[in-house]
Amino acid sequence: MNSGAASFDELDRKIITALMANARTSFAEIGTSVGLSATAVKRRVDRLRDTGVITGFTATVKPSALGWRTEAYVEVYCEGAAPPRRLAEVVRNHPEITAAMTVTGGADALLHVRARDVEHFEEVLERIRVEPFIRKTISVMVLSHLIPESPEAGATQAIQEEDTGSWGDAAVVR
């Protein structure tokens with residue numbers, strides 16, 4: 001994979017937009033909408049993948065369907081300067097942490113946590129807090145999603161599968 005800046009044109013942008021709306025759209029359907037053959041779309045998608053512009057295709061699943069009904073964001077404050085690599089090691093040990101990033105401001109990191117219920121969330125928070133370099137955490141529980149179609153909210157857009165006629169959740173490109 002090429003680590004340099006990838007160059008792409010307006011057709012590439014249209015293809016990416018189509019895949020982000022529905023990653024299961026066929027190359028033929030995308031080709032029709034952008035004025036290319038299915039083969040040309042496939043070549044462009046392959047190039048976009050090879051250059052790292054498209055990093056993968058992911059199914060978006062409604063978290064509540066998996067039993068994850070509680071959601072929170074947790075600010076993490078560390079003693080001294082905890083290296084991001086050490087924070088990454090910690091968050092990888094907690095499957096309930098669905099996203100984690102270092103941030104500017106007072107906190108050192110921000111975690112997105114999903115749990116079965118408040119008790120499960122509290123247990124996850126206790127596991128995070130036992131790390132010796134974590135000084136404190138501040139949690140904010142999510143009540144509702146104002147943009148329900150966002151990736152953070154989980155899948156809300158149903159698409160019909162071409163081969164079975166059944167309905168499934170939309171896929172997104174990440």
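Student: Is Glu119 buried or exposed in this model?

Tutor: This is a predicted model, and in it Glu119 lies in helix 5, which covers residues 118-129. A residue counts as exposed when its relative accessible area is over 50%. Because Glu119 has a relative accessibility of 57%, its class is exposed.

Student: Which residues form the negative surface patch?

Tutor: Glu119 belongs to helix 5 and, at 57% relative accessibility, counts as exposed. Glu119 is also one of the residues in a negative surface patch, and the full membership of that patch is Asp117, Glu119, Glu122 and Glu126.

Student: His120 is also in helix 5, but is His120 buried or exposed?

Tutor: The place of His120 is in helix 5, and the cut-off to apply is that buried means under 20% relative accessible area. Because the relative accessibility of His120 is 5%, His120 counts as buried.

Student: Which residues does His120 touch, not counting residues up to four places away in sequence?

Tutor: His120 counts as buried at 5% relative accessibility, and contact here means heavy atoms within 4.5 Å. With residues up to four places away in sequence left out, the residues that His120 touches are Trp68, Glu96, Ala115 and Arg127.

Student: What is the N to O distance in the salt bridge between Glu96 and Arg127?

Tutor: Both Glu96 and Arg127 are among the residues that His120 touches, and their own side chains meet in a salt bridge. The N to O distance of that salt bridge between Glu96 and Arg127 is 2.8 Å.

Student: How many residues apart are Glu96 and Arg127?

Tutor: The side chains of Glu96 and Arg127 meet in a salt bridge. This pair links distant parts of the chain, since Glu96 sits in the loop between helix 4 (84-92) and strand 3 (97-102) while Arg127 sits in helix 5. Glu96 counts as buried at 7% relative accessibility, whereas Arg127 is partly exposed at 25%. Along the chain, the separation of Glu96 and Arg127 is 31 residues.

Student: Which strand holds Arg114, the salt-bridge partner of Glu71?

Tutor: The side chains of Glu71 and Arg114 meet in a salt bridge with an N to O distance of 3.3 Å. The two residues are 43 residues apart, with Glu71 in strand 2, and Arg114 lies in residues 109-115, which make up strand 4.

Student: Why do Glu71 and Arg114 count as buried?

Tutor: The cut-off for a buried residue is a relative accessible area under 20%. Arg114 counts as buried because its relative accessibility is 10%. Glu71 counts as buried because its relative accessibility is 7%.

Student: Which helices are linked by the salt bridge between Asp12 and Arg44?

Tutor: The side chains of Asp12 and Arg44 meet in a salt bridge at 2.7 Å, N to O. The pair links parts of the chain that are 32 residues apart, Asp12 being in residues 10-21 and Arg44 in residues 38-50, and these are helix 1 and helix 3.

Student: Are Asp12 and Arg44 buried or exposed?

Tutor: The test is again whether the relative accessible area is under 20%. Asp12 has a relative accessible area of 1% and is therefore buried. Arg44 has a relative accessible area of 18%, so Arg44 is likewise buried.

Student: Which residues is Cys78 in contact with, leaving aside its neighbours within four places in sequence?

Tutor: Cys78 lies in strand 2, which covers residues 70-78, and at 5% relative accessibility Cys78 counts as buried. Leaving aside neighbours within four places in sequence, the contacts of Cys78 are Leu87, Asp108, Phe133, Ile134 and Arg135.

Student: What distance separates the C-alpha atoms of Cys78 and Thr137?

Tutor: Cys78 and Thr137 are 59 residues apart along the chain. In space, their C-alpha atoms are separated by 8.9 Å.

Student: Which residues does Gly31 touch, not counting residues up to four places away in sequence?

Tutor: Gly31 lies in helix 2, residues 27-34, and is buried, with a relative accessible area of 1%. With residues up to four places away in sequence not counted, Gly31 touches Leu36 and Val41.

Student: How many helices and strands are there in the protein chain?

Tutor: Read along the sequence, the protein chain follows the pattern α-α-α-β-β-α-β-β-α-β-β-β-β. In that pattern α stands for a helix and β for a strand, and the totals are 5 helices and 8 strands.

Methods
Residues numbered from 1 in each chain as written. Predicted model: local features only at pLDDT ≥ 70, side-chain atom pairs only at ≥ 80, totals over all residues. Heavy atoms only, no water. Helix = DSSP H or I, 4+ residues; strand = E, 2+ residues; numbered from the N terminus. Buried < 20%, exposed > 50% of the residue type's maximum accessible area, 1.4 Å probe, protein only. Patch = residues over 30% accessible without salt bridge, like charges linked within 9 Å, V, L, I, M, F, W, Y side chains within 5 Å. Areas by Shrake-Rupley, 256 points an atom, 1.4 Å probe, with all protein chains shown as cover. Salt bridge = Lys/Arg side-chain N within 4 Å of Asp/Glu carboxyl O. Lys, Arg positive; Asp, Glu negative; His and termini not counted. Charge placed at Lys NZ, Arg CZ, Asp CG, Glu CD.
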